[in-house]
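User: I am new to this structure and should like to learn how to read its features one at a time. Please show me the sequence and the model before we begin.

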Amino acid sequence: MKRRTIISLLLVLAMLTGLFPTAALAAGSGTIYEGESLTVTTTGTWDIAGSRTTGDAECSAGAFYFLQASNYGMDPEGIENNSAAFSLGDVAAGTYQVYAHTKDNADRGIYRLSANGTDLGTLDMYQAKEDYVGEYGSYVEHDLGTLTHEGGELTITAALTGQNENATGKYGMVVDYFRLAKEGGEVDPPEPEDPGTIHMSFDKESFTGEGITMSDGWVESGLSGSTADIGSVYCGTVGEYVRFQPAEMEAGWYEVFFWNIANGQSTMKMTASITANGGEETVKPAAVTADSWTSLGAFYFAGTGDESLTLTITTPGSHSRVADVKFVKTEDPGYETVIWNNEDGLFSASGTWTDTDALGQDGTAVKRTEDAAAMATWADYPPKTGNFGLYYWNPAAQDGETRAPLRFSVSSQDGNWRFSLDPNENQGGWVKLGTVAATDGTALSITMSLTGDGTAYADAIKIVETNASPDDVYTPGAGGNTDPAVIVNQLGYDIGRSKRATAANIAGGTPFQVINAETKEVAYTGTVEAAYGGEGDSAVTGGIIDFTDLEPDETTSYYITCAGADSYVFEIGKNLMYQSTV
Ligand SMILES: [Ca+2]
Ligand SMILES: [Ca+2]
């Protein structure tokens, strides 16, 4: 650390003597003014002047302000009459570094920018097609220099002055946002935190922090965390992690955040694991392109001292950065919980079962079997569309009995999952199977089977809404099998509801046919949608078969054929779920 201190002193000396610009602010710091949210006043003739939404990953808040003119009708002599004034509202007095985040391409113009009359220079937003990062251009954060503002209303005006000689004549301008960063390191005044908030961070000098541990691969970074005095670390190796373990956490619900350092990246390569209430939830955070607090959702923490948040690199690629995290006390989010009991109409079983009293989660009877071929199924509509943690009630053992290992095969509109469980452990309580996704009004089924010798019990499944990500779906392709397969929901599909099947080891774009099982006539055709799109994604092994539009007048049996593979026969009918389970 001594060497670092000396370097810091040299840097300060260099800045004081003018060797380096003093505007060495942390990337992404300051206040963002989203272009699409500002009041904009235009003069002149524009074909387009308004806010647009976009799917561009690099765009902040998914929208921008778009200006575009056309030569036709525009007086070349009077080009300066065309302008747009962006009102930022009240801005505190101070000296700011001003940035404009724009989407540049060959259709753009050259503009002179000013703020309350102070010149900020000209900006040529032309970009040659061969330099585009995205399909229609590139997002660029232009540094407009410093501005001293005396406080009050601030308006940034962009006045058209012409176009690059290679530009197309549309004189366009796309403002994603303006960013104002106060000079002198006084970046963001720290927000006052609630007493219930636990904020954990690296010290910028020592790169250590109370309750923070990490694997060996991380390197100290020069970028700041949520405030200028908070440090960060970076690493690009899969499996490396940083763990935050808060001391003395009070029991309750907390929303968990991490400070997301974008550093020009548009993909998220880390997975968050939250250990709370004796279990672990994983969340795959969305990528964020501007530095910001990113919520991982609300979780219940029991206050046992075992709580932690671990950020682990799970995708190879360029560096990921970790700075500070926050646990913010919050209200009980009221997540939906339902219990599907074996006494309910949604339960069915095959093989030999007997009733056993009072071992159930609510003191009711449970089903017991010694039949290795027995199966039990709980199937109904999920309480809503979302992700759900699935829990199995594991009845307490009878004396000296060995439990058979169990497999749970879960199927929903959104995928198939398989979970294994050794019921000789954690008896007399709920045991978590995993996290799945399901869609309102379409079947969710959980089928339990025995995968070894012993007894098995079927009582209840608890379904708890969560903001954790679903576990990886099961496809027959896993484990080296590369045969094409079409996996349908064997409970069938309801008329008037969405209908999807999984295509394993079948590429996107492959044609499929839905065949009437009785007449062998083709009832519906389509192509497989790639499940994991994106260029260069060589890991695409499966897709989605969507046949929602197939709506027979009466209950009809079908199968799907695709890439030489046939699915099982299934039915499309009216209220099929309730007919088959009640
Ligand atoms: Ca924006
Ligand atoms: Ca029961």
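User: How many bridges join strand 30 to strand 36, and do these strands run parallel or antiparallel?

Analyst: A word on the source comes before the answer. This is a predicted model, in which local features need pLDDT of at least 70 and side-chain atom pairs count only at pLDDT 80 or more, while totals for chains, interfaces and linings use all residues. Residues are numbered from 1 along each chain as its sequence is written, chains are lettered from A and ligands numbered from 1 in the order in which they are written, and side-chain values use heavy atoms, with hydrogens and water left out.

Strands (E, at least two residues) and helices (H or I, at least four) are DSSP runs numbered from the N terminus, and two strands pair if DSSP finds at least two bridges between them. Here, strand 30 (residues 386-394) and strand 36 (residues 460-466) run antiparallel and are joined by six bridges. Leu390 stands opposite Ile463 of strand 36.

User: To which sheet do these strands belong, and what is its order?

Analyst: They belong to an open sheet of four strands, in the order 25-36-30-33, with antiparallel pairing. Strand 25 (337-341) and strand 33 are the edge strands, each pairing on one side only. Neighbouring strands are turned by 25° against each other on average, direction ignored. For such angles, axes are lines fitted to C-alpha atoms, for helices over the stretch in contact, and the angles run from 0 to 180 degrees between N-to-C directions.

User: Which strands stand at the edges of the sheet with the order 27-28-35?

Analyst: That open sheet has three strands and antiparallel pairing. Strand 27 (354-356) and strand 35 (456-458) are at its edges; each has a single partner strand, so one side of each is left without a neighbour in the sheet. The twist averages 40° from one strand to the next. Strand 27 pairs with strand 28 (residues 366-369) in the antiparallel sense over three bridges, and Asp355 has Lys367 in strand 28 as its bridge partner.

User: Which residues are the protein donors of the calcium ion (ligand 2)?

Analyst: Donors are N, O and S atoms within 2.8 Å of the metal (3.2 Å for Na, K and Ca); water is not among the atoms, so sites may look incomplete. For ligand 2, the donors are Asn341 (OD1), Asn342 (OD1), Glu343 (OE, listed twice), Thr364 (OG1), Ala365 (O) and Asp459 (OD), at 2.3 to 3.0 Å from the calcium ion. Their spacing in sequence is N-N-E-x20-T-A-x93-D.

Accessibility can be read at the same site: buried means under 20% relative accessible area, exposed over 50%, and partly exposed in between (1.4 Å probe, protein chains only). Asn342 is buried at 8%, whereas Glu343 is partly exposed at 42%.

User: Which residues are the protein donors of the calcium ion (ligand 1)?

Analyst: Glu34 (OE), Glu36 (OE, listed twice), Ser60 (O), Ala63 (O) and Asp176 (O and OD) are the donors, lying 2.2 to 2.8 Å from the ion. Ala63 lies in strand 4 (residues 63-68) and Asp176 in strand 11 (residues 173-182), so the pair ties together parts that are 113 residues apart in sequence. Ala63 is buried at 9% relative accessibility, and Asp176 is buried at 0%.

User: Which residues have the most contacts inside the largest nonpolar core?

Analyst: In soluble globular proteins, nonpolar side chains tend to be buried together. A nonpolar core is a set of buried Ala, Val, Leu, Ile, Met, Phe, Trp, Tyr and Cys residues joined through side-chain atoms within 4.5 Å. The largest one has 33 residues, and Trp378, Tyr392, Phe408, Ile446 and Met448 have the most contacts inside it. Strand 33 gives the largest share, five residues. A second, separate core of 32 residues includes Tyr33, Ala158, Tyr171 and Phe178.

User: Is Phe207, with its positive phi, buried or exposed?

Analyst: Most residues other than glycine have a negative phi. Phe207 has a positive phi near 55° and is found in the loop between strand 13 (202-203) and strand 14 (212-214). Phe207 is buried, with a relative accessible area of 5%. Asn426 also has a positive phi, of about 55°, but Asn426 is exposed at 58%.
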